[in-house]
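The following report describes a single protein chain. Its surface patches, overall dimensions and charge pairs are treated in turn.

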Amino acid sequence: MTTMAFDTLQFANRLKAAGVPSAHAEAEACALAEVLAGQGERLATKQDVDALGQRIDLLETQIEERLATKQDVDALGHRIDLLEAQIELRATKADLAALEAEMGRVEERLEAEMGRIEERLETKIEKSALRLHGEIMALGHQMGLMRWMMGLMVAGLTSLIAKAFLPGL
């Protein structure tokens, strides 16, 4: 802190030369000296201004170092995009796992239902086979009867023809 040099005698003499009464000029010089003495501590010197400029430059450098560049922002945006993609992938994997579990349950139900359907079909096929077997057996008996009847008719017809053409038999 510097004090400012103020010559009160020279100031008072100037005021007197300008026509200010002597007592008034001396009082004004003393008052101004007191004001300047009190202000001396608060007045900035060239060194104070230079030091303040250096502090401002240092602060600007620190601020610039802390500020994110466009590349930093772009890189951060890219990392955020990657993280979002990973989150979606994890959600998709979880969805797939849940879907696979549901598919497993559906497959089990389908297999059980197919087993019941197969049993019913086998039962129907067996019943149909038994019915058809019975019908075939009945047709077999009917054919045997028809053969016997045909044989009887052929024998009767042969004996009629033989009597008609061979009277002595």
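## Nonpolar surface patch

In this predicted model, Leu 157, Leu 160, Ile 161, Phe 165 and Leu 166 make a nonpolar surface patch of about 550 Å². One of these residues, Leu 157, is found in helix H4, the helix that spans residues 70-165.

## Negative surface patch

A second patch on the surface carries negative charge and is formed by Asp 57, Glu 60, Glu 64 and Glu 65. Asp 57 belongs to helix H3, which covers residues 46-66. The relative accessibility of Asp 57 is 46%, and the residue therefore counts as partly exposed.

## Fold and overall dimensions

The chain contains four helices and zero strands. Read from the N terminus, its elements follow the order α-α-α-α. The radius of gyration is 64 Å, well over the 15 Å that the globule rule gives for 169 residues, so the chain is more spread out than a compact globule.

Along the principal axes, the C-alpha atoms fill a box of roughly 200 × 25 × 25 Å. Of the 169 residues, 4% count as buried. The chain exposes about 15,200 Å², and carbon and sulfur atoms supply 64% of that area.

## Distribution of charge

Among the side chains of the chain, 19 are positive and 28 are negative. The centres of these two sets lie 15 Å apart. The structure holds five salt bridges, three of which are described below, including one between helices H1 and H2.

## Salt bridge between helices H1 and H2

Lys 16 and Glu 26 form a salt bridge in which the closest N and O atoms are 3.1 Å apart. This pair links distant parts of the chain: Lys 16 lies in helix H1 (residues 8-17) and Glu 26 in helix H2 (residues 22-40), with their positions ten residues apart in numbering.

Both partners fall into the intermediate class of accessibility. Lys 16 counts as partly exposed because its relative accessibility is 31%. Glu 26, at 41% relative accessibility, likewise counts as partly exposed.

## Salt bridge within helix H3

Helix H3, which holds Asp 57 of the negative patch, also contains a salt bridge between Lys 46 and Asp 50. The closest N and O atoms of Lys 46 and Asp 50 are 3.3 Å apart. The two residues are four residues apart in the helix, about one turn.

The partners differ in their accessibility class. Lys 46 has a relative accessibility of 62% and so counts as exposed, whereas Asp 50 is partly exposed because its relative accessible area is 40%.

## Salt bridge within helix H4

In helix H4, the side chains of Arg 105 and Glu 102 meet in a salt bridge, with an N to O distance of 2.6 Å. Because Arg 105 and Glu 102 are three residues apart in this helix, about one helical turn separates them.

Arg 105 has a relative accessible area of 42% and is therefore partly exposed. Glu 102 is also partly exposed, with a relative accessible area of 32%.

Key. Residues are numbered from 1 along each chain as its sequence is written. This is a predicted model: local features need pLDDT of at least 70, side-chain atom pairs count only at pLDDT 80 or more; totals for chains, interfaces and linings use all residues. Side-chain values use heavy atoms; hydrogens and water are left out. Patches are made of residues with over 30% relative accessible area and no salt bridge: like charges are joined within 9 Å, nonpolar side chains (Val, Leu, Ile, Met, Phe, Trp, Tyr) within 5 Å. Accessible areas come from the Shrake-Rupley method with a 1.4 Å probe; for residues, only the protein chains shown count as cover. A salt bridge is a side-chain nitrogen of Lys or Arg within 4 Å of a carboxyl oxygen of Asp or Glu. Lys and Arg count as positive and Asp and Glu as negative; His and the chain ends are not counted. The place of a charge is taken as NZ of Lys, CZ of Arg, CG of Asp or CD of Glu. Buried means under 20% relative accessible area, exposed over 50%, partly exposed in between (1.4 Å probe, protein chains only). The radius of gyration is taken over C-alpha atoms; the globule rule is 2.2 Å times the number of residues to the power 0.38.
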